Amino acid sequence: MRKLAKYLKNYKKQLFLGPLFKLTEAVFELIVPVVTAMIIDNGVLKNDAGYVWKMGGILLLLGVVGLICALICQYSASIASQGFGTVLREDLYRHINSFSHKEIDKFGTPSLITRITNDVNQLQFAVAMLIRLVIRAPFLAVGAVVMAMMIDIKLSVIFLVVTPIIAVILYVIMSKSVPYFKVAQKKLDRISGISREGLSGVRVIRAFSKQETEEARFLKASTEQADISIRVGKLSALLNPLTYAVMNIGIVAIVWFGGFRVESGGMTTGEVTAFVNYMTQTYLALVVVANLVVTFTKAAASAARVNEVLQTETTIKDPQIDENITLDEREKNGPKIFFDNVSFSYVGKDSDKYALKDLTVSVKKGETVGVIGGTGSGKSTFVNLIPRFYDISKGKIIIDGKDVRDYTIKALRSKIGVVPQGSVLFSGTVESNLKWGNPDASYEDMVKALKTAQAYDFVEKLPDGIKTKVTQGGKNFSGGQRQRLTIARALVRNPEILILDDSSSALDFATDARLRKAIKNDIKETTVFIVSQRASSIKYSDKIIVFDHGEAVGIGSHEELIKSCAVYREICLSQLSEEEVNGK
């Protein structure tokens with residue numbers, strides 16, 4: 001947790017004033033039993049009503065001042081804890097957004113969501129408790145014992161016996177239950193992951209009538225979480241009975257031996273009453289300390305999880321060299337994109353398990369490149385390396401004569417429009433989604449992109465046109481409409497390179513054909529990559545790359561590959577007739 005202390009640097013005043021006022025309240029609280037003893041001894045026993053009223057006024061004043069101190073402390077704790085949480089959450093979110101796909105894959109989306117919400121909330125609560133109780137509780141526990149010893153050293157022996165016993169009970173129960181809190185956080189990640197899958201995939205679940213299966217998965221995860229909580233609950237359930245029993249035995253001992261001290265004249269009735277009050281204060285303070293241990297144990301587990309994210313550096317970083325490299329004529333007139341003996345592994349650079357292996361391919365400016373292959377053959381991996389979503393393990397990727405690793409991330413991706421497999425729209429309007437590609441896009445620019453993406457016809461018919469609201473995830477549009485809108489969003493930015501990663505799978509063949517024709521005619525200067533499992537979608541590309549088990553087993557035109565590549569011919573024959581395959 002010390003590593004996160006920097007997020008409190010702007011709240012030094014609250015960190016000082018909060019505990020100071022809480023300590024002042026604790027001092028007044030320790031004075032109350034003494035004043036109560038004086039009221040009993042000098043007012044009640046002597047039947048002096050005036051003294052009782054006067055000292056009662058002092059008790060009231062102590063209460064009011066203590067309340068004011070508590071409110072100031074609470075106010076300081078709220079400012080510091082909420083400010084701490086806000087700054088930490090913003091920094092954590094910003095850091096997560098700097099991650100490459102590799103880091104996102106490592107943590108998983110559900111875990112990252114839990115860390116940025118539940119874990120940060122836990123740390124916020126710990127900061128509030130730090131200001132409010134960390135000084136007050138131990139001070140009360142020790143102060144009550146000291147005040148008791150000042151009243152009567154002999155009777156205070158009971159405190160010196162009872163207090164350690166209560167402390168040992170608290171320690172044993174806490175030491176047994178604390179490890180479960182760390183396990184509980186991992187179980188919470190599991191619940192979060194299942195919940196996210198179930199809610200985002202609710203249509204698929206219903207389509208396959210898998211509601212009961214998913215309910216069973218959720219129930220199992222919830223039950224595991226509940227089991228952990230029950231174990232902690234059982235242990236915690238022992239806390240109050242055991243500690244109350246010890247405290248009550250201590251109170252009985254104080255009353256019993258205190259009675260003998262009163263009879264012998266060594267103590268007064270009021271002092272015995274004060275002793276009982278101090279015993280109660282000591283007990284309550286120790287229980288608070290135990291709860292603080294639980295709070296800070298949870299916070300420590302959360303801090304470790306948050307720090308794990310903050311300390312994870314992205315593998316995709318901007319270069320430390322001047323990006324304005326002067327290119328010679330050969331480089332200027334070279335290919336738009338050149339894969340030079342590229343290999344890539346999701347495991348790491350030292351692994352020999354490659355998702356893409358020994359790929360060398362050259363793509364000219366304005367070419368349309370079709371990418372095809374079986375499931376898991378490396379198609380998406382290939383196009384994801386172009387915008388540097390992942391860093392290659394071996395070789396080079398050259399764009400406009402320069403290694404992609406020599407571009408800043410912003411400069412590289414400003415050249416590229418990507419339409420991923422999952423059609424993601426953001427809540428807002430059609431217009432706001434289109435302007436993700438280019439915030440300064442004019443209405444004409446957006447209309448042009450919509451027409452090329454074959455989306456203008458249905459957008460025009462919407463109640464509010466491009467001002468039509470988009471719900472979260474674009475659920476108020478069909479799959480095909482979402483795909484066309486995401487294509488339009490990529491086109492609005494006028495990219496030099498356009499990557500369509502299986503982004504027309506929800507389109508009918510006629511719309512798909514119109515889309516490909518419009519892209520070829522409307523953006524002739526743009527280099528286009530079309531990833532698809534439909535042979536018809538890539539058949540007329542200038543160049544086709546055929547992948548099989550991470551290797552490019554064929555590169556060429558449709559006519560060339562039909563003759564030279566068995567994998568490509570097999571794919572085509574499985575989808576098209578012999579006449580269509582041969583172009584007849």
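# Reading a predicted model: cavity, sheet, patch and salt bridges

Tutor: Helix α18 contributes three residues to the lining of the largest cavity, and no other element gives more. Please keep in mind that the model is predicted.

Student: How does one find a cavity, and how many of 30 Å³ or more does the structure hold?

Tutor: The general idea is that rolling a probe the size of a water molecule over the atoms shows where empty space is left. In this structure, one cavity of 30 Å³ or more is present. The volume of the largest cavity is about 60 Å³.

Student: Which residues line the largest cavity?

Tutor: Among them are Ile487, Leu500, Asp512, Leu515, Arg516 and Val531. At least two residues of this lining come from α18 (509–522), and at least two come from β10 (527–531).

Student: Is aspartate 512 buried or exposed?

Tutor: Aspartate 512 counts as buried because its relative accessibility is 1%, and buried means under 20%.

Student: What does the side chain of aspartate 512 meet in a salt bridge?

Tutor: First, the general idea: side chains of opposite charge can pair when their charged atoms come close. Here, aspartate 512 forms a salt bridge with arginine 534, at 3.2 Å from N to O. Arginine 534 belongs to the loop between β10 and α19 (535–538), whereas aspartate 512 belongs to helix α18, so the pair ties together parts that are 22 residues apart in sequence. Arginine 534 is buried as well, because its relative accessible area is 18%.

Student: How many salt bridges does a search of the whole structure find?

Tutor: The search of the whole structure finds 22 salt bridges. One of them joins the side chains of arginine 136 and glutamate 25, at 3.7 Å from N to O. This pair links distant parts of the chain, for arginine 136 is in helix α5 (residues 136–151) and glutamate 25 is in helix α1, 111 residues apart. Arginine 136 and glutamate 25 are both buried.

Student: How far apart in the chain are arginine 217 and glutamate 214?

Tutor: They are three residues apart, about one turn of the helix, and both lie in helix α8 (residues 211–237). Their side chains meet in a salt bridge at 2.9 Å from N to O. Arginine 217 counts as partly exposed because its relative accessibility is 26%. Glutamate 214 counts as buried because its relative accessibility is 19%.

Student: Let us turn to the surface. Which residues make the nonpolar surface patch of about 270 Å²?

Tutor: The patch is made by Val27, Ile31, Ile135 and Phe139. Valine 27 is part of helix α1 (residues 12–44). Valine 27 counts as partly exposed because its relative accessibility is 34%.

Student: Finally, how should I read a sheet, and in what order do the four strands of the open sheet stand?

Tutor: One reads a sheet by following its strands from neighbour to neighbour. In this open sheet the order is β2-β1-β4-β5, with antiparallel pairing. The edges are held by β2 (356–363) and β5 (402–403), each with a single partner strand, so one side of each has no neighbour in the sheet.

Student: How many bridges join strand β1 to strand β4?

Tutor: Strand β1 (residues 337–344) and strand β4 (residues 394–399) are joined by five bridges and run antiparallel. To see the two strands face to face, locate serine 343, which stands opposite lysine 394 in β4.

Note on methods: Residues are numbered from 1 along each chain as its sequence is written. This is a predicted model: local features need pLDDT of at least 70, side-chain atom pairs count only at pLDDT 80 or more; totals for chains, interfaces and linings use all residues. Side-chain values use heavy atoms; hydrogens and water are left out. Two strands pair if DSSP finds at least two bridges between them. Patches are made of residues with over 30% relative accessible area and no salt bridge: like charges are joined within 9 Å, nonpolar side chains (Val, Leu, Ile, Met, Phe, Trp, Tyr) within 5 Å. Accessible areas come from the Shrake-Rupley method with a 1.4 Å probe; for residues, only the protein chains shown count as cover. A salt bridge is a side-chain nitrogen of Lys or Arg within 4 Å of a carboxyl oxygen of Asp or Glu. Buried means under 20% relative accessible area, exposed over 50%, partly exposed in between (1.4 Å probe, protein chains only). On a 1 Å grid over the protein atoms alone, a cavity is a set of points where a 1.4 Å probe fits but cannot get out, and a pocket is an open set with protein on both sides within 12 Å along at least five of seven lines; lining residues have an atom within 4 Å of a point. Grid points are joined across faces, edges and corners, and a volume is the space filled by probe spheres set on the points.
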